[in-house]
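Me: Hi! I am new to protein structures and would like to learn how to read one. Could you walk me through a few features?

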Amino acid sequence: MSGWSASLQLLLLPHEDISGDNFDDDRRSVCGSTGGGGLKCVSGEGSVGSVQASMLKRLVEVVGSKSRIATNEVSQILSAVDEVTREELGVQESQYHGRLDLEMRKLITFLNITEQENYSLGIFVMPPNTTIPLHDHPGMTVFTKVLWGELEVEAYDIVAKRQGDNDEYVALKRGTSVTRDNEVRYLTKDNGNIHQFHAKRWTAVFDLAVPPYDPWNGRPCNYFRVLGDATTENGTGETDSVIMETRDCPDEYRTTRGIYTGTSVD
Ligand SMILES: [Fe+2]
């Protein structure tokens, strides 16, 4: 990891967490960087068995030096993400089912694959009934593949600031959906950019963000809380908007950092 990315990681990992087994000493809470608010999904076969070529390295080649993803580039990257397998990433469900420490069985594990100036790659492993709280990806395009498990995604987009209050917004509901094994989805800067992930069972989520979080360049991770439906305010009977406000990273959102053991791209 470069010095630049190391310092960025520290800024994005605000909380110390508790210790556990089989993990390195760099344990902190992670600002959720997983994607998945986008409405378009593709479903892959999920290769099983030996990996003939590195699909992860191919993905990195496809992303190249792009720091923004144009609309006409999305399908190519979706396909490349779809090709990446859990075997190549070295993330097996049985590794986590075997955790004996009860606290570790409740912690979301983040595996950093690489963090470059124009993109980041990582994996979140979520125990059953854990949640990555509502957060945004300012100006980013994020591709997400559920390697295994079942992920409920709730997504929104801010459409207006509430008058007279700088911390409250009107946000359009993008709906709640369930993403399962080998499904790939994405979000953009204005489609599903704010989202929450809830793992219904043990779930591993592979994540590509272009560009990555960078608070020094207008891309901090912001957390939100839904205050209620916007319908009663405008009196139109609409049910597609909510009022939300920014908030600090929830105390209950705690993660640990694991050691990535899959194919290296550095
Ligand atoms: Fe996210």
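Reply: Happy to; we will look at a helix, some strands and a core in this predicted model.

Me: Let's begin with helix 2: which of its residues are buried?

Reply: Helix 2 spans residues 55-63, and its buried residues are Met55, Leu56, Leu59 and Val63.

Me: Why are these buried residues on the same side of helix 2?

Reply: Here is the general idea: an α-helix has 3.6 residues a turn, so residues three or four places apart point the same way. In this case, the buried residues cover an arc of only 105° around the axis, which puts them on the same side of helix 2.

Me: And what covers the buried residues of helix 2?

Reply: The cover includes helix 3 (74-83), helix 4 (86-89) and strand 10 (203-210). Just after helix 2 comes Gly64, with a positive phi of about 55°.

Me: Now the strands, please. How does strand 12 pair with strand 7 and how with strand 11?

Reply: Strand 12 (residues 241-247) runs antiparallel to strand 7 (residues 168-180), and 5 bridges join them. One bridge to look for links Tyr169 with Met244 in strand 12. With strand 11 (residues 223-229), strand 12 also pairs in the antiparallel sense, over 6 bridges. There, Arg225 has Glu245 of strand 12 as its bridge partner.

Me: Last one: which residues touch the most other members of the largest nonpolar core?

Reply: That core has 52 residues, and those touching the most other members are Val81, Ile123, Phe124, Val125, Phe143, Val205 and Leu208. Strand 10 gives the most to this core, with 6 residues. You met strand 10 earlier, as part of what covers the buried residues of helix 2.

Methods:
Residues numbered from 1 in each chain as written. Predicted model: local features only at pLDDT ≥ 70, side-chain atom pairs only at ≥ 80, totals over all residues. Buried ≥ 20, exposed ≤ 12 C-beta atoms within 10 Å, placed from the backbone. Helix = DSSP H or I, 4+ residues; strand = E, 2+ residues; numbered from the N terminus. Arc of directions from axis to C-beta. Contact = placed C-beta atoms within 7 Å. Pairing = 2+ DSSP bridges. Core = buried A, V, L, I, M, F, W, Y, C linked by C-beta atoms within 7 Å.
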